[in-house]
Amino acid sequence: MSSVEQLGHRQYRNEYIAALAATSSLVASVACAGWSSPALPALRGPNSPIPITPDEGSWIVSLLSIGAIFGPIICGLFVDRYGRKPVLLVSAVPLMAGWLFIVFAESVGMLYAARLLHGIGYGLAYSITPIYLGEISSDAVRGSTGVLVTVMAKLAFLFEYSVGPYVGFRALAWISLALPVGFIALFFWMPETPYFLLARGNKKAAAESLRWLRRRIAIDEELGRMEKLVLDSKQKGNPLKQLLLTSTNKKSLVIILLLSFGMQLTGINAILGYSQTIFSRLALPLTAAELSIVLALVQLGSVMLPTFLVDRAGRRPLLLASTAGSFIGLATCAVYFTLDETTTDVLSPEPGAAHGWIPFGGVLLFIITFAIGLATVPFAILGEVFPKHIKAAANSVFAVITSAVVFSVVKLFQVISDGAGTYVSFWIFTGCTAVTGVLIYFIIPETKGQSFERIQEMMMRRGRTNETARELADGVKGRPLLCIKMQGLFRTPHLIAPTIAVLMLLLLIPTSSEAEIDCNSLRMGQFICPDPALRQIDPKTQQLRGCTPENKARVWCVAVDGIVCSETKNTSFTREMPCKWTNGYHFDTALLLSVFLGMFGADRFYLGYPAIGLLKFCTLGFMFLGQLVDVILIATQVVGPADGSAYIIPYYGPVITVVRSDNWTYRLPQDNW
């Protein structure tokens with residue numbers, strides 16, 4: 001019995017260990033993307049450590065994608081010179097620097113710089129990790145290790161969604177800093193890929209690396225195949241030139257561009273980045289933070305399915321099923337938000353107050369179906385359709401284009417949602433998903449179980465029927481690269497990617513005809529203050545958050561449709577509102593002390609009147625008559641805390657408010673009446 005047969009499935013153990021260590025870089029980098037969901041409500045809240053406007057918030061979310069553009073460029077310059085492992089380790093450096101920037105940030109500018117640094121590390125990790133996984137994995141498990149890219153990314157979202165709402169803004173940055181440090185500690189012990197070592201002429205080190213990965217001594221045959229591929233790649237010249245000029249590689253590039261555009265134009269990054277903001281509009285028993293945690297749990301469970309299915313069901317079936325389910329989920333959300341924002345008598349008289357489970361269910365359906373195909377399969381295909389010598393260049397192009405599309409989607413989501421309505425954004429995502437599904441059906445080939453050599457042969461085919469018959473006769477379950485009717489498109493492959501990009505991105509251009517004014521000059525009826533979509537009541541004080549001793553609090557308000565505020569460039573603005581400043585004195589505590597211990601002056605001691613309390617203690621509450629008077633005075637809230645603060649009373653509790661005539665309670669004549 002051979003050593004391989006004795007090992008069985010355990011023969012892939014070291015490959016999975018190396019893959020898990022490498023993909024822990026994605027936990028560290030994708031946590032930067034998940035950070036915005038719990039961080040934005042904290043930054044936009046009344047107790048914000050760094051107050052920001054909605055427009056600044058959209059820049060904080062989207063600048064990650066701008067920084068990510070530089071990551072692939074750095075990858076392309078250094079990954080073939082210094083190796084996969086060293087450059088991947090270096091990707092943790094900008095991540096750690098970014099978290100330290102956030103920890104010590106005192107201005108929005110420092111947050112911008114942190115997000116750009118995060119983007120560089122994010123782009124580096126996403127560019128190098130698929131290369132590393134593709135070069136260390138056997139054909140039998142290459143799909144599964146490729147899917148780990150998305151599994152670990154969703155684990156990062158779950159981490160940020162679960163920890164973020166329950167710790168401080170700066171504490172979250174300190175905790176997140178541990179992720180890149182942990183990645184370095186794990187990945188430092190992993191081997192370099194055999195392909196890179198062979199390319200550098202170090203055959204001995206390549207053999208040692210391959211023996212450790214495969215867990216067997218007899219690796220000469222596989223090592224020989226690798227040497228042949230490396231030799232061929234050196235003879236073919238500049239990788240970027242080969243990527244853009246070779247017919248076969250242009251076909252592969254079209255496939256990757258389609259998957260890149262299709263992935264991002266579903267709106268996945270916008271939905272995840274603004275999840276708490278979106279869910280805060282839904283009237284459900286769970287809070288927006290809790291709904292986001294549920295979303296992350298479902299997301300993580302969903303992306304684990306392709307780990308077991310991608311090498312069994314195949315790439316194409318998963319992509320098509322994923323696109324169909326994503327379309328249904330997005331369409332459900334689009335219909336709901338359309339009815340909610342444009343009608344008053346279909347869902348409920350109050351926007352966002354009824355049937356909140358419908359859009360949440362639609363989002364969950366979208367997340368589940370997106371995860372089983374669109375979120376995972378592109379990374380598996382990316383590691384398969386390009387020859388070894390141009391894989392780094394292909395990954396760089398893929399990452400740069402993906403980052404540019406993500407920036408457009410994330411930045412414009414806030415603009416479109418504020419200017420035209422959330423439902424418009426969801427309709428755009430729905431339409432882009434439908435177009436993606438049609439293109440996937442006609443263009444994407446099946447690469448399940450194929451060696452790199454066989455995949456390259458498939459990419460050189462022209463889609464003839466007799467070749468398909470021969471492929472099936474050889475026992476390969478697949479289909480031609482294109483249907484016969486689509487052959488003409490691939491004769492001009494350089495036109496396909498730009499056409500797809502232009503058609504899809506045109507849908508993202510917002511149109512608006514709103515008036516831009518100073519919203520602090522709005523009259524009653526032109527705005528709602530505070531914004532009911534935000535939780536601006538402090539549960540500890542039952543007052544507006546940030547209430548000052550002057551009994552004023554600055555809160556977020558929302559203007560009516562058709563008005564854009566000049567200070568924020570959307571319908572949101574801040575305004576001072578009256579409130580009752582509290583300093584820890586509870587009304588129910590004071591009243592109970594007055595009733596039961598008032599003869600000893602306990603109520604007066606509690607409220608900060610020690611002299612009167614001592615006098616009551618010495619006279620048994622003026623022979624109980626003073627106790628009775630204090631019970632009445634405290635119950636009617638005539639006597640309050642000595643520091644001038646208000647009682648803490650439940651929001652709908654027995655608070656007494658003296659109402660006097662003012663501009664809000666009395667109709668005053670106006671000049672234009």
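This is a short tour of some salt bridges and one helix, stop by stop. Keep in mind that the model you have open is predicted.

**Stop 1: a link across the chain**

Start by selecting E15 and R214. Their side chains form a salt bridge, and the closest N and O atoms sit 3.3 Å apart. Now colour the two helices they belong to: E15 is in helix 2 (residues 13-34), while R214 is in helix 11 (residues 203-214). The partners are 199 residues apart, so this pair links distant parts of the chain.

Are these two charged residues buried or exposed? Turn on a surface and look for them. E15 has a relative accessible area of 1%, which makes it buried, because the cut-off for buried is under 20%. R214 counts as buried too, at 2% relative accessibility.

**Stop 2: K616 and its partners**

Next, select K616, then add D603. These side chains meet in a salt bridge, with 3.2 Å from N to O. D603 lies in helix 29 (residues 602-607) and K616 lies in helix 30 (residues 610-618), so the pair ties together parts that are 13 residues apart in sequence. Check the surface again here: D603 is buried at 0% relative accessible area, and K616 is buried at 1%.

Keep K616 selected and add D630. Here is another salt bridge, 2.7 Å from N to O. D630 sits in helix 32 (residues 625-635), 14 residues away from K616 in helix 30. With 5% relative accessibility, D630 counts as buried.

Now put R604 into your selection as well. Which residues are linked in a network of salt bridges here? They are D603, R604, K616 and D630. Zoom out for a moment: the whole structure holds five salt bridges.

**Stop 3: take a ruler to helix 6**

Leave the charges behind and select residues 92-103, which make up helix 6. Try your viewer's distance tool on the C-alpha atoms at its two ends: they are 17 Å apart. What span should you expect for 12 residues at 1.5 Å a residue? The answer is 16 Å, which agrees with the distance in the model.

Finally, show the side chains of this helix and pick out the buried residues. They are A92, P94, L95, G98, W99, I102 and V103. Select them together, rotate the helix slowly, and see where they point.

Definitions and conventions: Residues are numbered from 1 along each chain as its sequence is written. This is a predicted model: local features need pLDDT of at least 70, side-chain atom pairs count only at pLDDT 80 or more; totals for chains, interfaces and linings use all residues. Side-chain values use heavy atoms; hydrogens and water are left out. A salt bridge is a side-chain nitrogen of Lys or Arg within 4 Å of a carboxyl oxygen of Asp or Glu. Helices (H or I, at least four residues) and strands (E, at least two) are DSSP runs, numbered from the N terminus. Buried means under 20% relative accessible area, exposed over 50%, partly exposed in between (1.4 Å probe, protein chains only). The expected span of a helix is 1.5 Å times one less than its number of residues.
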